[in-house]
Amino acid sequence: MIRTCFKIASVSYLAVCALPSVASDGKLLATAGLSQIEGSGGGGLVPWATLSGYDSRDETSVTAFMTDVNITDYRLSSMGAAASFYDRVELSYAQQTFVLPASLITQLSLGSEEIKQDILGVKVRLYGDAVYSPYPQLSVGLQYKQLDDDFVADYLGAKSDSGTDFYVAATKVHLAAVGGYNLVWNLAARATKANQLGLLGHGGAGNNHYKVMLEGSLGVLLSPNWVMGLEYRQKSNNLTAVQEDDWTDVFVSYIPNKNINITAAYANLGTVATKKDQKGIYLSMTGYLW
Amino acid sequence: MVNHVKITALVLSVFLSACAAPTKAPVSLYEEIGGQATIEAITDNFINEVSFNETIFQYFEKTNITRFREKFIEHLCVDTGGPCTYTGDTMLKVHQGQNITEADFNTTVDLLVSAMEKAGLSYLQQNRVLRILAPMRGEMLYK
């Protein structure tokens, strides 16, 4: 953890020193969105068409984030960084740590109490500006996922310990849409084989083909600094050994300036790896380094 | 049967008269924010904001500020539904040749938001003004 922190810090430091003249603040406050649980710019659970930082088409940006999801029987933390170039291309990295409950560790006599996964992401903006263009901003992206240890995935019948998700996302901000309030929505379609984000591997006895899952977010800007909304993420159910449910959350984001955002959400993840009714608090913070 | 028709006619006439009752004319955004005085305050605040921003001021170095103020007030007045006539040039002509970058455009929007805030517009009123102005961006960027 400390090593990862250090890596992120040193990379950011180098990057800040290398390109000081194109530092980003070329977007309206809050329009950079948040950091998604898999590292891409987005909402909390869903990737958006917007890129991770405040860069305009003449600028670059780098962000770092930390997210912690504390649900009934599990804990998932995710941390990483994203760089966005000229509001066109976003590269992201996230490392997820999924902490398992003691009962499951004993049951499977696991050597480690956690599952780690690395995710590399690329996103390209194809069209538009979420705020200004007449049609929604449109982007395509991919997330390559690799498990550190495939014991649990294997045990549950997953076909692979790595996989790639492909998605297309559309995002639009409607100024003064509802009684003067700005409204933001995002819709994403993801082709995936992943089981629980890939933490339980990819594919399974029930299904080993790509399936298209729909994901959506809806938010209202209550003030220049506060956003409230909800998200939905459809999940495939590839493993016959354990059930997987769709995810939902209700979130509040605080964006005091273009340097930071803090998000708290209440997430309902349904059944996760044999444990039913997994609900809890999602906390996330993104720092906009430049 | 006759009763039915009578009742129907009665209900209908009550309904129609309710519809025909004089409804208050909707107040324009111009009037809601305080009319000409507020439009002028926004404009003066905006000019002030620009003069303190080195990057954005560069675009205004050769501008006749008196004329700019007059035309900006007219434009904003028309935009918000006020009783004015815009006598200036098109947005395209005004911004052409300046090659305004996206970053500088967005900074200027921030300055305008700040100008509206200082003129006393509520967050919701600011959003409504931005909604009206947003489609003009195409005639301003990289021209």
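In the predicted model, Thr85(B) counts as exposed, because only 7 C-beta neighbours fall inside 10 Å and a residue with 12 or fewer is classed in this way. Thr85(B) is located in the loop that connects α5 (65-79) and α6 (91-95) of chain B. Although eleven residues separate Thr85(B) from Glu74(B) along the chain, their C-alpha atoms are 6.4 Å apart.

Helix α5(B) precedes this loop. Its 15 residues should span 21 Å at 1.5 Å a residue, and the end C-alpha atoms are 20 Å apart, so the expected and modelled lengths agree. Within α5(B), the residues Phe72(B), His75(B), Leu76(B) and Cys77(B) are buried. The cover over the buried residues of α5(B) includes α2 (29-33) and α3 (35-51) of chain B. Just after the helix, Gly81(B) adopts a positive phi of about 90°.

Helix α7 (residues 102-118) of chain B was examined in the same terms. For its 17 residues a span of 24 Å is expected at 1.5 Å a residue; the end C-alpha atoms are 24 Å apart, and the two values therefore agree. The buried residues of α7(B) comprise Glu102(B), Ala103(B), Asp104(B), Asn106(B) and Thr107(B), together with Leu112(B), Val113(B), Ala115(B) and Met116(B). These buried residues pack against α3, α4 (54-57) and α8 (123-133) of chain B. A positive phi, of about 95°, is taken by Gly120(B) just after α7(B). Helix α3 of chain B thus appears both in the cover of the buried residues of α5(B) and among the elements against which those of α7(B) pack.

Between the chains, 16 residues of chain A are in contact with 13 residues of chain B. On the side of chain A that touches chain B, β8 (162-178) and β9 (181-192) each supply at least two residues. The residues of this side of chain A divide into seven nonpolar, five polar and four charged.

In chain A, Gly287(A) belongs to strand β14 (residues 275-288). Gly287(A) is partly exposed, because 16 other C-beta atoms lie within 10 Å, a count between the limits of 12 for exposed and 20 for buried residues. Leaving aside residues up to four places away in sequence, Gly287(A) touches Thr63(A), Ala64(A), Asn259(A) and Ile260(A). Gly287(A) and Lys258(A), 29 residues apart in sequence, have a C-alpha to C-alpha distance of 8.8 Å.

Methods
Residues are numbered from 1 along each chain as its sequence is written. Chains are lettered from A and ligands numbered from 1 in the order in which they are written. This is a predicted model: local features need pLDDT of at least 70, side-chain atom pairs count only at pLDDT 80 or more; totals for chains, interfaces and linings use all residues. Helices (H or I, at least four residues) and strands (E, at least two) are DSSP runs, numbered from the N terminus. Two residues are in contact if their C-beta atoms, placed from the backbone, lie within 7 Å. Ala, Val, Leu, Ile, Met, Phe, Trp, Tyr, Cys and Pro count as nonpolar, Asp, Glu, Lys and Arg as charged, and the others, Gly among them, as polar. The expected span of a helix is 1.5 Å times one less than its number of residues.
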